[in-house]
Amino acid sequence: MLEAMQQGMQQGMQQGMQQGMQQGIEKGLLQSIQNIMKNLGMSVEQAMEAVGIPQTDQGRYLEQLEEGDRSWKSEDKI
């Protein structure tokens, strides 16, 4: 029983680490897209192509960029 608990804890930690790494990668890609748009004057679609985001994933990144825009704008008004 103790061995099963330890194994479960280890699996949970590995899953948490994988999720954290994926979130970090996505956050870095979002920052890269924003920097490319700002510094190179590219559209969001061009910036996503430049960093190599597959078209099938671009909608998800676009949603995250829009959410970030809304939160930034609402903080700016305070």
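This report walks through a predicted model of a protein chain, from its overall make-up to a few residues in its core.

**The whole chain**

Let us start with the broad picture. The protein chain holds 3 helices and 0 strands, and its pattern along the sequence reads α-α-α. Out of 78 residues, 14% count as buried. About 6,500 Å² of the protein chain is exposed, with carbon and sulfur atoms supplying 53% of that area. Contacts tell us about the fold too: among those in the protein chain with a separation of 6 or more, 30% link residues 24 or more positions apart.

**The nonpolar core**

Which residues make up the largest nonpolar core? There are 9 of them: Leu30, Ile33, Ile36, Val44, Ala47, Met48, Ile53, Tyr61 and Leu65. Helix 1 (2-40), helix 2 (44-50) and helix 3 each give two or more residues to this core. As a general point, nonpolar side chains in soluble globular proteins tend to be buried together.

Met48 is a good member of the core to look at in your viewer. Setting aside neighbours within four places in sequence, Met48 is in contact with Ile33, Ile53, Gln58, Tyr61 and Leu62. Two of these partners, Gln58 and Leu62, deserve a visit of their own.

**Two residues of helix 3**

Helix 3 covers residues 55-76 and includes Leu62. Gln58 is found in helix 3 as well. Are these residues buried or exposed? The table gives the values.

| Residue | Relative accessibility | Class |
|---|---|---|
| Gln58 | 10% | buried |
| Leu62 | 28% | partly exposed |

Gln58 counts as buried because its relative accessibility of 10% is under the 20% cut-off. Leu62, at 28%, counts as partly exposed because its value lies between 20% and 50%.

What does Gln58 touch, leaving aside neighbours within four places in sequence? Its contacts are Met48, Glu49 and Ile53. With Glu49 there is also a polar contact of 3.0 Å between the two side chains.

Leu62, for its part, touches Val44 and Met48 when residues up to four places away in sequence are not counted. Try finding Ile33 as well: Leu62 and Ile33 are 29 residues apart in sequence, and their C-alpha atoms are 9.9 Å apart in space.

**Putting it together**

Met48 brings these threads together: Met48 belongs to the largest nonpolar core, and its contacts include both Gln58 and Leu62.

How values were computed:
Residues numbered from 1 in each chain as written. Predicted model: local features only at pLDDT ≥ 70, side-chain atom pairs only at ≥ 80, totals over all residues. Heavy atoms only, no water. Helix = DSSP H or I, 4+ residues; strand = E, 2+ residues; numbered from the N terminus. Buried < 20%, exposed > 50% of the residue type's maximum accessible area, 1.4 Å probe, protein only. Contact = heavy atoms within 4.5 Å. Areas by Shrake-Rupley, 256 points an atom, 1.4 Å probe, with all protein chains shown as cover. Polar contact = N/O pair within 3.5 Å; in protein donor to acceptor, adjacent residues only side chain to side chain. Core = buried A, V, L, I, M, F, W, Y, C linked by side-chain atoms within 4.5 Å.
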